[in-house]
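Trainee: I'm new to this one. Could you pick out one part, take a close look at it with me, and then connect it to its surroundings?

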Amino acid sequence: MGLGSLASRVLRPSSRLLASRNPRILLHFRPIVSTTELHNADASPAQPQADPAPPPPRTPVGGARVHFSSPEDAIEVFVDGYPVKVPKGMTVLQACEIAGVDIPRFCYHSRLSIAGNCRMCLVEVEKSPKPVASCAMPALPGMKIKTDTPLAKKAREGVMEFLLMNHPLDCPICDQGGECDLQDQSMAFGSDRGRFTDVKRSVVDKNLGPLVKTVMTRCIQCTRCVRFATEVAGVQDLGMLGRGSGEEIGTYVEKLMTSELSGNVIDICPVGALTSKPFAFKARNWELKGTETIDVTDAVGSNIRIDSRGPEVMRIVPRLNEDINEEWISDKTRFCYDGLKRQRLNDPMIRGADGRFKAVSWRDALAIVAEAAHQVKPEEIVGIAGKLSDAESMIALKDLLNRLGSNNVWCEGNGPQPNADLRSGYMMNTGIAGLEKADVFLLIGTQPRVEAAMVNARIRKTVRATHAKVGYVGPSTEFNYDHEHLGTGPQALIDIAEGRHPFCSILKNAKNPAIIVGAGLFERKDNDAIFSVVETIAKLNNVVRPDWNGYNVLLLNASQAAALDLGLVPETVNSIESAKFLYLMGADDVDLEKVPKDAFVVYQGHHGDRGVYRANVILPAAAFSEKEGTYENTEGCAQQTLPAVPTVGDARDDWKIVRALSEVAGLQLPYDSLGAIRSRIKTVAPNLLQVDEREPATFSATIKPESTQKMDMADFGSTIENFYMTDAITRASKIMAQCSALLIKK
């Protein structure tokens, strides 16, 4: 039986119906739906229904939280019938997030200004004739927002169809594939087909430098990168050119993106228009193993995730930490990872009589070092910890040298005579997030843009938000916010301390003044006198009060704070000139010209850097990405690295090498596990074990007696000459070498 006859049999009415009715009525058949209320129309009126149960509480999207400064600030809105209280001035999109509804968006970003130009976040609002862009619409009391209606769905499908009209079919060869907002949202909110059959437009790619790869045909003009560059990075490099279908993002005049934060545009770009140039075509994101750890290239301790595949670090991306780096990281942090596989030390080595190194076993290398240590006087033994040393290895080194009878142990960057008596004298007491409360900054001998890019981003954020004033004493340098250059050396400080400088009135009238001193001043011979003048300025201008501590020192290296907490302070100032046994634990920036020619030098580290050239014995150690270690950042927050990849060759953790050496030397240290060594740290500096917690200093630095040291009137110098190459890892990195060649203004 054919389909046609089957259908006619189904549709043919029964003969009885035809016999009793007019056949023409058949054309007007329509289904009638009846309800129980209509059946019982004559019955007694329906009982009033009980109020429906309130909807169950929902989980806010991404852990969104609200804070009401006062109860009057709260307004109630209804999201899909669910009541939610939000502060006045919040947008509809933010109200939806608190109600647990995720609204799609491309141009909106919580840390950037609102553009409202992608139209993907359309929702329906009661009494509004058209769908509303939720990212730009303020929530009003009693507003009824609907996010799941046919109107909102149709609007999003229409917007997505327009976005995909010119978007190339690059997904199989696009580096954003698998972590692309456009892919995810077209799957979730898009239509299953498009109606555009015209030729797609194409855009010429821009050259933004060695870090950011551009494929501008994929760009959807969300302007996130333009707003990031202008607002956060503080450079006017990117902008929107043209109109209509000829609109594109570019630099107008061809130039490279020179900001130290430029890599963050890779993270905020919702499509594959801006991707990482060094990571291009290397791996897909689902092949990578992510390890949450921290960065050690500067003293900020930015929270990062190391993505690795097998034994290789493939890329580094930021993690959210509101108190330290928000969700940005510097280009040095993001792109130094290729240095982790270049110029590595694999095996223990001994320099032969011909001056060449030859690989030996650990047993032989440690035996030679132990023998050399026993052949010199205790006061001729010196140990120096490097910029990247963790707290565990530094306490082990200090304990070993103490057992050998020497107390000449210190850390690079802390100067020949560091003052570790008061923690507040070498900490950022305000905290990195606390800088946002300051209304006047006085920067002394520090260039935060190159010394700590994330601290500089905080200062810029504060200056933009509250128009805080910035005064700077030091050599001329580039800032990305308005500042007043007060002088180049100690004379300007004396003028401010004595009230002769015009900037004094600004400091006096400030509510929360913040002084930031550069740790580069530790290296000066007159550092006590300079810090004494700074403390005088702090006393006179009410910088330190019970409710506010604005006296800050901005450290340079990841190991400095922990070294001073653990008491790595040398006994004598000129110990290196008289050293006969020098133990360098990753220390590469020591002036080796001062070391006597007959000294025995041990270099323990992970890269064949400067310290290796003078070494008699090389002991290979693990880099920060291969070990578990504790680091303390410049604000006094202890954090831990976690191993992301296996160690290279025959390398070992730093503290394990020192522990093994102590046993060979017959002075066995009383710990052989991380737990035991941390118990030892607890007796010296218990704050280092409070991971992810900031331990404020107990006493203010202003209680120190005034220094009687004579001040040298020489100008302050630049501490960091090359932002991209500051330690063994970054100096070994090919990407950082390209950046130095192309981006640093000669």
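Mentor: Let's start with the second largest pocket, where strand E16 (409-411) and helix H12 (448-451) each supply at least two residues of the lining. Before going on, note that this is a predicted model, where local features need pLDDT of at least 70, side-chain atom pairs count only at pLDDT 80 or more, and totals for chains, interfaces and linings use all residues. Residues are numbered from 1 along each chain as its sequence is written, and side-chain values use heavy atoms, with hydrogens and water left out. Helices (H or I, at least four residues) and strands (E, at least two) are DSSP runs, numbered from the N terminus.

A pocket here is an open set of points on a 1 Å grid over the protein atoms alone where a 1.4 Å probe fits, with protein on both sides within 12 Å along at least five of seven lines; lining residues have an atom within 4 Å of a point. The second largest pocket holds about 1,000 Å³ of space, counted as the space filled by probe spheres set on the points, which are joined across faces, edges and corners. Its lining has 43 residues, and Glu412, Gly413, Gly415, Glu523 and Asp589 are the closest to the centre. Sorted by class, the lining has 15 nonpolar, 13 polar and 15 charged residues. In that sorting, Ala, Val, Leu, Ile, Met, Phe, Trp, Tyr, Cys and Pro are nonpolar, Asp, Glu, Lys and Arg are charged, and the others, Gly among them, are polar.

Now for the chain around it. There are 21 helices and 28 strands in the protein chain, and its C-alpha trace spans about 125 × 70 × 60 Å along the principal axes. Of its 746 residues, 54% are buried, meaning under 20% relative accessible area (exposed is over 50%, partly exposed in between; 1.4 Å probe, protein chains only). If we take the contacts (heavy atoms within 4.5 Å) with a separation of 6 or more, 69% are between residues 24 or more positions apart.

Strand E18 (residues 469-473) is worth a stop. With 4 of its 5 residues buried, E18 is largely enclosed by the rest of the structure. Strands pair if DSSP finds at least two bridges between them. E18 pairs in the parallel sense with strand E17 (residues 440-444) over 5 bridges, and valine 440 has lysine 469 in E18 as its bridge partner. E18 also runs parallel to strand E19 (residues 484-487), over 3 bridges; there, tyrosine 472 is matched with histidine 485 in E19.

Helix H7 (residues 224-233) is another enclosed piece. Because 9 of its 10 residues are buried, H7 is largely enclosed by the rest of the structure. The buried residues of H7 include Arg224, Arg227 and Glu231 as well as Val226 and Phe228. They pack against several elements, among them helix H6 (181-189), strand E7 (239-241) and helix H13 (453-466). Look at the ends of H7 too. Threonine 223 sits in the loop between strand E6 (212-214) and H7, and its phi is positive, near 65 degrees. Threonine 223 counts as buried, at 12% relative accessibility. Just after H7, glycine 234 also takes a positive phi, of about 75 degrees. Most residues other than glycine have a negative phi.

A positive phi turns up in a hairpin as well. Strand E3 (residues 122-125) and strand E4 (residues 132-133) are antiparallel, with 2 bridges, and leucine 122 stands opposite alanine 133. Their hairpin leaves 6 residues between the strands, and in the turn lysine 127 has a positive phi of about 75 degrees. Lysine 127 is exposed, with a relative accessible area of 83%. E3 is also joined, antiparallel, to strand E5 (residues 144-146) by 2 bridges, and valine 125 faces isoleucine 145 there.

One last spot is alanine 685, in the loop between helix H19 (674-684) and helix H20 (728-732). Alanine 685 is buried, at 2% relative accessible area. Its C-alpha lies 8.6 Å from that of alanine 562, 123 residues apart along the chain. Leaving aside neighbours within four places in sequence, alanine 685 touches Asp565 and Leu566.
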